[in-house]
Each structure stands twice: as structure tokens, then as C-alpha cells.
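This briefing goes through a single protein chain by topic, beginning with its internal space and moving on to its sheet, a helix and its charged pairs. Please keep the sequence and the structure in view while reading.

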Amino acid sequence: MMPRVAFAMQPLLLPELFPLDLMRRLAAVAGIAGGVIDSFDGPLDADILITGWGCPRIDAAVLASAPRLRAVVHAAGSVKGHLTPAVFERGIAVSSAAAANAVPVADYTLAMLVLAAKQAFARARAYAAAGWSGDALPGVATPGDGGGLTGATVGVVGASRVGRLVIARLRGHGADILLSDPYVGPDEAAALGARHVPLDELCRRAELVTLHAPELPETRHLLDGRRLGLLRDGAVVVNTARGALIDTAALVRHCASGRISAVLDVTEPEPLPPGHPLLGLPNVLVTPHISGARGRELRRLGEFAVAEVERLAHGHPLHGAVHPSDLPHIA
């Protein structure tokens, strides 16, 4: 019997995640319930629930009204925001498109690292302020003289999906890569193309530091005032992971001194209130959480979700399976 699929997400996301050709693929293996659920206020007559950003919390009460449900396929990243332990306790299969969403995050991160390594932000500001005669711009003196990633020492904090993709991209640019992750040893780090070092050593040695750790109690303010103080003069911190990984007040102090710079796609709090110091510092670039899939990139997540439903329909293993044991270590 063909499984029945329902959608739970922000309704406006549906056509971007699942354009007509993907909906046709989905309809070939599953019956599709009408409409998009944005609140669970009635029975859920579906075997598979495809979720996305804006999905309401799925708790025991919701599950009680969904006796057929046997799988949740998340067409986005983390499932922690909308799945409660009751989902796993009932034995419902869970999948996430986090691997697909990691690709645009890694691409964004690499772009920021390339620009930071070339000191593009500082040079652009100097150009705007003082003009450019074709000679070296005044007031721009940093490690490596802004020579790009080749030979630059880059510290990667966290061998997550995104972290591993970033390492692979950095290898292609000839960077010297340091990795700090408590769950990765020296041999695995070497296999990835990096050198495993303690976080304090990474902070002391890296010209560029990029964060890819999950937000957990033990990672809150991973870069605190002390570790930010270990960074060399001219270092740049890039954060596309979670804002809470950095002590915001300490970052303001260190960046306000002009000693280090930052590129932040995530912040704590998020969003930053109007007039926050980080928004006005000339050596800090803050973007509004745009590194993950957006616009045309959303299709990649829809393709992953449709492929997962096809695998479920044919009795094949899920490629994005999430298990309860994964939860303490994922974003």
C-alpha cells in the first residue's frame, strides 16, 4: 500500500523546497495529503511527515492523534527544535537533510575565509576612506599581508558535517589546517587533512578561526574572553555555527580594540538589537543568518527529502537517519 505523506512547515517554503518536478516524484511513491500543516490541531492521517522550518513541536499529544505516523523527514538541518523525545520513544524513524544544508554553509564559510585571508574587508574600508593610487593601501598590515589562503594557518573548531566540508575546501586552497574536536583523534584528523591540536593551541597559532561546533552546555562561550585573548593580532574569527559559541561581550571588547576581526552569520542574541556595538564596528561583518540554504538552494533540501521518502517506500535505509544517541553531539 502506498504510504501517505503530509507536510508541516511554513507554507511559503513548500514551493521552493518542492517545485513541481519534485512533487511529481513524490507523488509517484506516496499519496500526498492536501495543504501544509502549520499547527497540529487535529488528527494527522499520514505515514510520513515531511517537516521544515516553522514546523510546530511534535510531542506526545501530537503523536496520540497520529497513529499511522512511522517516519519524520526533515527538509532542513537540526531536528532539535521541533522533535521531542516522545518521537524517538515511539520508534518513529527520523531523517534530516542536514548534510544537504551543510553544503551552502560550507561554501559561505569558505567565501568569508577567502575574503578575510585577503583582508578584503579592511582593504575595502581603507580604499573608501583614503582612495587608492595603485600602491599598497595605507593602514592595512596583517599576518601574511592579505595574501589569501595558500599557506595560511586556519583553525577549524568542530569536525561536524560543515566542518569537514570546510576542511576539504581549505585543502584545495593549500591552507595549513588545525582541527580541534574532542571526538576526533590525531589519526582521523590527519585522514581529513588537518592536524589535531587542543583548542587553546589552535587559538594561539591560527590566523583565521572558523567555528563548526554544535550548541551544547559544554560549548557555550567556547571562545570566551580568555581564548579570544590568545588569538594573534590580526586574527579573524568566522562563525556560521551558533552564536552562543562566542561570548558576545568579550568579542565586543577584543574587536573594539582593533586587535582582531570577526565575520558573524550567527550571534547571541539573534538578532542583535539595533545599535549593538558589533553592528557598528568597522572590523566586524554581521550577516543575518544567511549561510544555510536560501532561495534556489532550498531545492537541494527538497531533493534530499524526496529521495528519503523514496527509500522509505522501497524499504531502503535512510541516508540522513537521526538516532537518539546522536542528539547530544549534533546542532
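A cavity here is a set of grid points where a 1.4 Å probe fits but cannot get out, and its volume is the space filled by probe spheres set on those points. The model is predicted, and the values below are computed from it.

**Internal space**
- The count comes to 1 cavity of 30 Å³ or more, and the largest cavity has a volume of about 60 Å³.
- The lining of this largest cavity consists of Asn-239, Gly-243, Ile-246, Thr-248, Leu-251, Leu-264, Val-266, Thr-267, Glu-268 and Leu-278, and these residues divide into 5 nonpolar, 4 polar and 1 charged.

**The sheet and a helix across it**
- An open sheet is formed by 7 strands with parallel pairing, in the order E8-E7-E6-E9-E10-E11-E12.
- Strand E8 (195–196) and strand E12 (284–286) stand at the edges with a single partner strand each, so one side of each has no neighbour in the sheet.
- Strand E10 (residues 236–239) pairs with strand E11 (residues 261–264) in the parallel sense over 4 bridges, and Val-236 has Ser-261 in E11 as its bridge partner.
- Helix H5 (residues 98–117) lies across strands E6 (153–157), E9 (208–211), E10, E11 and E12, and runs at about 165° to E9.

**Salt bridges**
- The count of salt bridges comes to 15; one of them joins Asp-45 to Arg-68, with the closest N and O atoms 2.8 Å apart.
- Asp-45 lies in the loop between strand E2 (31–37) and strand E3 (48–51), and Arg-68 in the loop between helix H3 (60–64) and strand E4 (71–74), so the pair ties together parts that are 23 residues apart in sequence.

Definitions and conventions. Residues numbered from 1 in each chain as written. Predicted model: local features only at pLDDT ≥ 70, side-chain atom pairs only at ≥ 80, totals over all residues. Heavy atoms only, no water. 1 Å grid on protein atoms, 1.4 Å probe; cavity = no way out; pocket = protein on both sides within 12 Å on 5 of 7 lines; lining within 4 Å. Nonpolar A, V, L, I, M, F, W, Y, C, P; charged D, E, K, R; others polar. Pairing = 2+ DSSP bridges. Helix = DSSP H or I, 4+ residues; strand = E, 2+ residues; numbered from the N terminus. Contact = heavy atoms within 4.5 Å. Axes fitted to C-alpha atoms, helices over the stretch in contact; angles between N-to-C directions. Salt bridge = Lys/Arg side-chain N within 4 Å of Asp/Glu carboxyl O.
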